[in-house]
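Take a moment to look over the whole fold before picking out details. Then follow the chain with the text below.

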Amino acid sequence: MHKKITLYTDGGCRGNPGIGGWGCLLKYEGEVKELYGSEKHTTNNRMELTAVIQGLQQLKQPCEVLLISDSKYVCDGIEKWLSNWIKKNWLTASKKPVLNKDLWQQLSQLLETHQVTCQWVKGHNGHPENEQADILANQAMDKLELE
């Protein structure tokens, strides 16, 4: 029986591309772990993906993960596009190279270990954990801007 984890993620950018930050919360049996980080030159979508990757990398054994994200890009990528990208050697339906391939490949490996279900939520709509992930991403960007 796998542990059931809820992973809340968010990523953002000031400028796109620009300074980016990501945040995530891992919840397991009432315990919460918060993580965040930043990059100097990145995109919003890269930060959204990084939040998911960083969260999943914390898990020490295969888990059943409910991923809650306000990113349609992440949810659609996991649920609709990823398997076809892999089959088509990392090309999109229009035969163009997949954007952020490096991160999608990392995520793909993690999805082989963990059973992940994605649930999209509307961003900035009062969902407490999504708002907290957003706060963490912004704190990461604030900290980077002060360096």
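A residue is called buried when its relative accessible area is under 20%, exposed when it is over 50%, and partly exposed in between. Keep those cut-offs in mind. Lys95 has 67% relative accessibility, so it counts as exposed. The model you see is predicted.

Start with the overall plan. The protein has four helices and five strands. Read from the N terminus, the order of elements is β-β-β-α-β-α-α-β-α. So how does the radius of gyration fit the chain length? A compact globule of 147 residues would have a radius of gyration near 15 Å, and the protein has 15 Å, so the two agree. Along the principal axes, the C-alpha atoms fill a box of roughly 40 × 40 × 25 Å.

Now consider what is covered and what is not. Of the 147 residues, 45% count as buried. The protein exposes about 8100 Å². Carbon and sulfur atoms supply 49% of that area. Contacts tell another part of the story. Take those between residues with a separation of 6 or more. Residues 24 or more positions apart account for 66% of these contacts.

Three residues show how such contacts look up close. Begin with Tyr8, which lies in strand 1. Is Tyr8 buried or exposed? Its relative accessible area is 8%, under the 20% cut-off, so Tyr8 is buried. Leave aside the neighbours within four places in sequence. Tyr8 is then in contact with Gly23, Cys24, Leu25, Lys27, Ile68, His127, Glu129 and Ala133. Glu34 sits 26 residues from Tyr8 along the chain, and their C-alpha atoms are separated by 9.5 Å.

Next comes Gly55, in helix 1, which covers residues 44-57. Gly55 has 0% relative accessibility, so it counts as buried. Again set aside the neighbours within four places. Gly55 touches Leu7, Cys24 and Leu26. Cys24 is also among the contacts of Tyr8. The C-alpha atoms of Gly55 and Thr9 are 7.9 Å apart, although 46 residues separate the two along the chain.

The third residue is Thr117, found in strand 5 (residues 115-120). What is its degree of exposure? Thr117 has a relative accessible area of 43%, which falls between the two cut-offs, so Thr117 is partly exposed. Beyond its neighbours within four places in sequence, Thr117 is in contact with Val65, Leu66 and Leu67. Thr117 and Val65 are 52 residues apart along the chain, yet their C-alpha atoms are separated by 6.3 Å.

Now turn to the loops. Strand 1 (3-15) and strand 2 (18-28) are joined by a loop that holds Pro17. The peptide bond from Asn16 to Pro17 is cis, with omega near 15°. Another loop runs between helix 2 (72-87) and helix 3 (101-113), and Lys95 is found there. Lys95 has a positive phi of about 65°, although it is not a glycine. Asn100 is placed in the loop between helix 2 and helix 3 as well. Its phi is near 60°, again positive in a residue other than glycine. What about the cover around Asn100? Asn100 has a relative accessible area of 16%, so it is buried. Lys95, at 67%, is exposed.

Last, look for empty space. Rolling a probe the size of a water molecule over the atoms shows where empty space is left. How much space lies in the largest pocket? About 220 Å³ lies there. The pocket is lined by Lys3, Ile5, Leu26, Tyr28, Glu31, Val32, Lys33, Gln58, Leu59, Lys60, Gln61 and Cys63. One of these, Leu26, also appears among the contacts of Gly55.

Which strand gives the most to this lining? Strand 3 does, with three residues. Strand 1, strand 2 and strand 3 (31-42) each supply at least two lining residues. By chemical type, the lining divides into six nonpolar, two polar and four charged residues.

Definitions and conventions: Residues numbered from 1 in each chain as written. Predicted model: local features only at pLDDT ≥ 70, side-chain atom pairs only at ≥ 80, totals over all residues. Heavy atoms only, no water. Buried < 20%, exposed > 50% of the residue type's maximum accessible area, 1.4 Å probe, protein only. 1 Å grid on protein atoms, 1.4 Å probe; cavity = no way out; pocket = protein on both sides within 12 Å on 5 of 7 lines; lining within 4 Å. Points joined across faces, edges and corners; volume = space filled by probe spheres on them. Nonpolar A, V, L, I, M, F, W, Y, C, P; charged D, E, K, R; others polar. Contact = heavy atoms within 4.5 Å. Rg over C-alpha atoms; globule rule 2.2 N^0.38 Å. Areas by Shrake-Rupley, 256 points an atom, 1.4 Å probe, with all protein chains shown as cover.
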